[in-house]
Amino acid sequence: MDLAQLVPSLQAGDRRSLARAITLVESARADHRAQALDLLQALGSDKQALRIGLSGTPGVGKSTFIESFGLMLTAQGLRVAVLAVDPSSARSGGSILGDKTRMEHLARDPLAFIRPSPSQAQLGGVARRTREAVALCEAAGFDIILIETVGVGQSETVVAELCDLFVLLLAPAGGDELQGVKRGIMEMADLILVNKADGDLKSAAMRTCADYAGALRLLRKRPQDPAGYPKAMTVSALEQAGLATAWAEMQVLADWRRAQGHWATRRGQQAQHWFKEELRRGLLAVLEQEPTKGIVAAQGRAVAEGRCTPEAAASQILALLHRN
């Protein structure tokens, strides 16, 4: 790939060039990885978009919400990128990647860009290279980046290391207020939106919202929140109700964090987190290379046959790596 042509084209906002760049950073080939690192270095990090992470259980209406919310934003002249992560099969490794089909109206909007990516069995509901895709979207001049996660449970707290605002989408009648007291993903949320607040489910949505609003008051106050946050609200992606209010709340929170210095501090902490994560992955990759790979396999057989405990086998491998 010719980076000399790709870089200016991407910085000009060309969506085709952005798609090619994301394909490059997602590639597992060594030569592509080297090119991807050169590309990210050449683009720099002077542009900053508002990164909004969106999580919720399957069936809660994430895709419908993103389409309605995204269309509202593009109607205001904002450029919106959607990075949707689909779960990969544990057996075949494949993914459906059907988000563009679900968001057909937003996919046709010239101010929007939708990119589905496979999770590739990564915990946290985000693909390994999603952070780099976010950086590419910022370089392409997008104002808002929506990161839709798989929706797999508490391991999704890692999405908080990617975004400026974390929105948790819930369905009506999803449990009583004790459900809301549970730690993990609830503590990460900046805004809780109870979706499907329409028709027969409207009253149930109001009750669920009240339960979670009460639960939020029991959580420990976070330094990055102004008074009244995090909040619980009801929305209807189907009827486009409550979306403008939710967007207004997101803007208030983002502006306050910028003014108070939390924005820049958090971005720095996130960069440090991903540095350590890349380092951790690189160290794990050493175990997949010979001669370490063969030694690990031999120790694995010894553990399976009961000749060695898992702890002792791991200790021997770590001692070997330390000597090398």
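# Close-up views of the predicted model

**View 1. Lys196 is partly exposed, with a relative accessible area of 29%.** The model shown here and in every other view is predicted. The class of Lys196 follows from the cut-offs: 29% is neither under 20%, which would be buried, nor over 50%, which would be exposed. Lys196 sits in the loop that runs between strand 6 (191-194) and helix 10. Its phi is near 65°, a positive value in a residue that is not glycine.

**View 2. Gln240 is a non-glycine residue with positive phi.** The value of phi for Gln240 is near 55°. This residue belongs to the loop between strand 7 and helix 11. Helix 11 (residues 243-260) is where confidence in the chain is highest, at a mean pLDDT of 96.

**View 3. The peptide bond between Tyr229 and Pro230 is cis.** Omega for the bond from Tyr229 to Pro230 is near -5°. Pro230 is placed in the loop connecting helix 10 (202-216) with strand 7 (231-234).

**View 4. A cis peptide bond leads from Glu290 to Pro291.** Here omega is near 5°. Pro291 lies in the loop between helix 12 (262-286) and helix 13 (292-304).

**View 5. Helix 13 packs on helix 14 (residues 310-323).** Their axes come within 9 Å and cross at roughly 165°. An angle over 145 degrees counts as roughly antiparallel, and helix 13 is therefore roughly antiparallel to helix 14. The crossing is right-handed. On the helix 13 side, the residues in contact are Thr292, Ile295, Val296, Gln299 and Val303. They meet Pro310, Ala313, Gln316, Ile317, Leu320 and Leu321 of helix 14.

**View 6. Helix 1 (residues 3-11) packs against helix 2 (residues 15-26).** The angle between them is about 125°, and the axes are 9 Å apart. That angle falls outside the parallel, perpendicular and antiparallel ranges, so helix 1 and helix 2 are oblique to each other. Their crossing is left-handed. Helix 1 contributes Leu3, Leu6, Ser9 and Leu10 to the contact, while helix 2 contributes Ser17, Leu18, Arg20, Ala21 and Leu24.

**View 7. Helix 3 (residues 30-43) crosses helix 7 at roughly 40°.** The two axes come within 10 Å. At 40° the pair is past the limit of 35 degrees for roughly parallel and short of the 65 degrees where roughly perpendicular begins, so helix 3 and helix 7 are oblique to each other. The crossing of helix 3 and helix 7 is left-handed. Arg33, Leu39, Leu40 and Leu43 of helix 3 meet Glu132, Ala135, Leu136 and Ala139 of helix 7.

**View 8. Glu132 is joined to Arg33 by a polar contact between side chains.** The distance of this polar contact is 2.4 Å. Glu132 is part of helix 7 (residues 130-139). With a relative accessible area of 10%, Glu132 is buried. Apart from neighbours within four places in sequence, Glu132 touches Val25, Arg33 and Leu40. Arg33 and Leu40 are also among the helix 3 residues that meet helix 7.

**View 9. Asp164 is a buried loop residue.** Its loop lies between strand 4 (144-148) and strand 5 (165-170). The relative accessible area of Asp164 is 10%, under the 20% limit, and Asp164 therefore counts as buried. Its side chain makes a polar contact of 2.8 Å with the side chain of Arg267. Beyond four places in sequence, the residues in contact with Asp164 are Ala49, Leu50, Arg51, Asp190, Arg257, Trp263 and Arg267.

**View 10. Residues 88-96 have pLDDT under 50.** For this stretch the model has 13 contacts beyond four places in sequence. Where pLDDT is low, the predicted coordinates should not be read in detail. Confidence is lowest in helix 8 (residues 177-181), with a mean of 46. Over the chain the mean pLDDT is 85, and 86% of the residues reach 70 or more.

**View 11. The chain holds 14 helices and seven strands.** It has 324 residues, of which 46% count as buried. Among contacts with a separation of 6 or more, 76% are between residues 24 or more positions apart.

Terms used: Residues numbered from 1 in each chain as written. Predicted model: local features only at pLDDT ≥ 70, side-chain atom pairs only at ≥ 80, totals over all residues. Heavy atoms only, no water. pLDDT = per-residue confidence, 0-100. Helix = DSSP H or I, 4+ residues; strand = E, 2+ residues; numbered from the N terminus. Contact = heavy atoms within 4.5 Å. Buried < 20%, exposed > 50% of the residue type's maximum accessible area, 1.4 Å probe, protein only. Polar contact = N/O pair within 3.5 Å; in protein donor to acceptor, adjacent residues only side chain to side chain. Axes fitted to C-alpha atoms, helices over the stretch in contact; angles between N-to-C directions. Parallel < 35°, antiparallel > 145°, perpendicular 65-115°, else oblique. Left-handed = near helix turned anticlockwise from the far one by under 90°.
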